[in-house]
Structure formats: C-alpha cells, structure tokens
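Reader: I would like a close look at one part of this structure and at how that part sits in its surroundings. Please go through it piece by piece.

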Amino acid sequence: MIRQQPRRSLEGRGKRAGTVAGGRKSRQSKMSSVPDGKKLVRSPSGLRMVPENGAFNSPFSLDEPQWVPDKECPRCMQCDTKFDFIRRKHHCRRCGRCFCDKCCSKKVALPRMCFVDPVRQCAECGLVSQKEMEFYDKQLKVLLAGGTFIVTLGTSEKSETMTCRLSNNHRYLFLDGESHFEVELSRMSSMQILTDGTSPGENDIHTYTSLLDSHCISEGGTSRASGMLLHYKPMGSQDVQQLRMEAADDKKVASLWLAAMHKAAKLLYEARDQ
Ligand SMILES: [Zn+2]
Ligand SMILES: [Zn+2]
C-alpha cells in the first residue's frame, strides 16, 4: 500500500523520530476508552493501545518513527529495486524506512510501540523485535512477580529483607518489607550487577559504570547474578541515592530476577537514547 498523505520532513532521512512527538499527536485520534486507563488510538501504522495519560507511558516504550517521505525513496533501501506501479513501497513500522514487499513482508509483534497486532517490519527490525518478545514473554513476568533481597540504603549499616518487584505500569521498583519505598526507573542513573563465581572462593564482581556499557550477565557463563547496586535520584531530590540489594534465601529466583532487571536496563537505555 502506498501512503499518499503528506508527511512532515525530518532533519535526516530515516532518522528515528523521538524528538518530533508534536507532529505525531495529530496523526492519532482517540477512538475509545477502556477502564484500565488505556485508550485505543489509530496511527497510519495500525491500532495502538496506549495509556490515557502520556505521563504514564511504560519506560520501555519507543515512539513511532517518522516515515521516510515517499518522494525521497525511489528505490528499496535494502535491495535497491526501483519502485513503480507493480513494485510498491512499504514502510517499516519500526524504523520508518522504505522497502519493497520482499524486503518488508514480515509482520512481527511490536509491544514497545504499543501495537495491538503484529506490524510490517524490515528484516533487521523484525529480528530485533523478535528478540524483544522474549523480554515481554519471560523476563517481564519475572520482574512483575518479584524476588526477595537484603536491601541496604545508602551507606547505612542497617539492612532489611524486602521483596522487590516491578510495578504493573513498569515505571517503578516497589520494595516491601517492614517499610516500603519506590524507585522510579526513569530516575535511575546506573546499575551494577554483582555476581558470584561458581567455584568456592571465586568471587568476581562485575561493575558497570553506566547502563550503556553493560552486557548481558548470561554471557559470562560461569557467573550468576547475586546482587545489584543502584544509583537513583529519589522523587523531588537531586541527590543521588545508593541502593544495594543482595539475594536473600531463594537465590535462584533472585538471580533470575536480577538477570531480567539487567535486560530491562538495556531496553530502558535504548528508549532514553531514542
Ligand atoms: Zn527490497
Ligand atoms: Zn526497519
């Protein structure tokens, strides 16, 4: 299908359009409201289920890209096929670039853009989206279920056993023990995963100074996550607070939770970088 509507041009072709949210609003019209504070909107790319209030967007969510204007792509951006009346162009819903049917035929689920149904994506984006589905199918459930940790705030001597879980809207870590507190994911500045070596006495600590530099702990092979060190700014404060969490009794569940949290941090950084 060829899109005929005129589109706003971008600073650069094919560039992700995270900064042009103003242009996006006009493309969506409210269709219906549902009880859980979400609404169905229609974008040229398909139906999306988004929070009523944009301030409650999941921190993992990505903005829809601005499509490369039709007049700027006479040929498929993958195989260079020239478009004509027979060979029509399609836009990848994830990157917004232009492709022939052969190079952009796959429909893949794209929960990070809140699409209700699988949407057309180029081969490259389709692979990324498929990998992300693993996060949505597995790790996200682990994070919502929670784990038990020994939690130390700042440099305090005192620690407390708490359950830690991701809130249903994915925006907070809820920590519950005798006290309760919350860490807003968008106010996290760094995360370090602490790991134990498998052989006794071997105790290697992986320290990541920034979420961007982090790599998946499962790649480490012999080590398993045993704790996490977080730096974040509490609500209404500009001072960075430290939070240390160490696996409590059920180390297996805690380790899975930490691995899932690490994956979440990578998606979070991508979303912020957009
Ligand atoms: Zn092509
Ligand atoms: Zn793409």
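Author: In the hairpin of β9 and β10, five residues lie between the strands, and His-170 takes a positive phi near 70° there. The model is predicted, so this is a feature of a computed backbone. His-170 is not a glycine, yet its phi is positive. The residue belongs to the loop between β9 and β10. With 18 other C-beta atoms within 10 Å, His-170 counts as partly exposed, because the buried class begins at 20 such atoms and the exposed class ends at 12.

The two strands of this hairpin, β9 and β10, run antiparallel and are joined by four bridges. One pairing can be named: Leu-166 has Leu-173 of β10 as its bridge partner. Leu-173 also belongs to the covered face of β10, together with Leu-175. The uncovered face of β10 carries Tyr-172, Phe-174 and Asp-176.

Phe-174 leads on to the next strand, since its bridge partner in β11 is Glu-182. β10 and β11 are antiparallel as well, with five bridges between them. A hairpin of three residues makes the connection from β10 to β11.

These strands are part of an open sheet of seven strands, in the order β11-β10-β9-β8-β14-β13-β12, with antiparallel pairing. β11, residues 180–184, and β12 stand at the edges and have a single partner strand each, so each has one side without a neighbour in the sheet. On average, neighbouring strands of the sheet are turned by 30° against each other, with direction ignored. At the β12 end, eight bridges join β12 to β13, and these two strands run antiparallel. There, Ile-193 stands opposite Met-228 of β13.

Met-228 brings in the packing. It is among the residues with the most contacts inside the largest nonpolar core, a group of 30 residues; Leu-143, Phe-149, Trp-257, Leu-258, Met-261 and Ala-264 are the others named. Elements that give two or more residues to this core include both strands of the first hairpin, β9 (159–166) and β10 (172–176), as well as β12 (188–196) and β13 (224–232). The helices α2 (123–145) and α3 (251–273) also contribute, as do β8 (147–153) and β14 (241–247). The largest share, nine residues, comes from α3. Met-261 is in contact with Leu-143 and Met-228, leaving aside its neighbours within four places in sequence. Apart from this core lies another one, of 13 residues, including Val-68, Cys-76, Cys-122 and Cys-125.

A positive phi also appears at Asp-80, a residue other than glycine, where the value is near 70°. Asp-80 lies in the loop between β3 (46–51) and β4 (90–91). Asp-80 is exposed, with 9 other C-beta atoms within 10 Å, whereas His-170 is partly exposed.

One further residue can be placed in β2, which spans residues 38–43: Lys-39. Lys-39 has 16 other C-beta atoms within 10 Å and is partly exposed. Its C-alpha atom is separated by 6.1 Å from that of Pro-51, 12 residues apart along the chain.

Definitions and conventions:
Residues numbered from 1 in each chain as written. Chains lettered and ligands numbered in written order. Predicted model: local features only at pLDDT ≥ 70, side-chain atom pairs only at ≥ 80, totals over all residues. Core = buried A, V, L, I, M, F, W, Y, C linked by C-beta atoms within 7 Å. Contact = placed C-beta atoms within 7 Å. Pairing = 2+ DSSP bridges. Axes fitted to C-alpha atoms, helices over the stretch in contact; angles between N-to-C directions.
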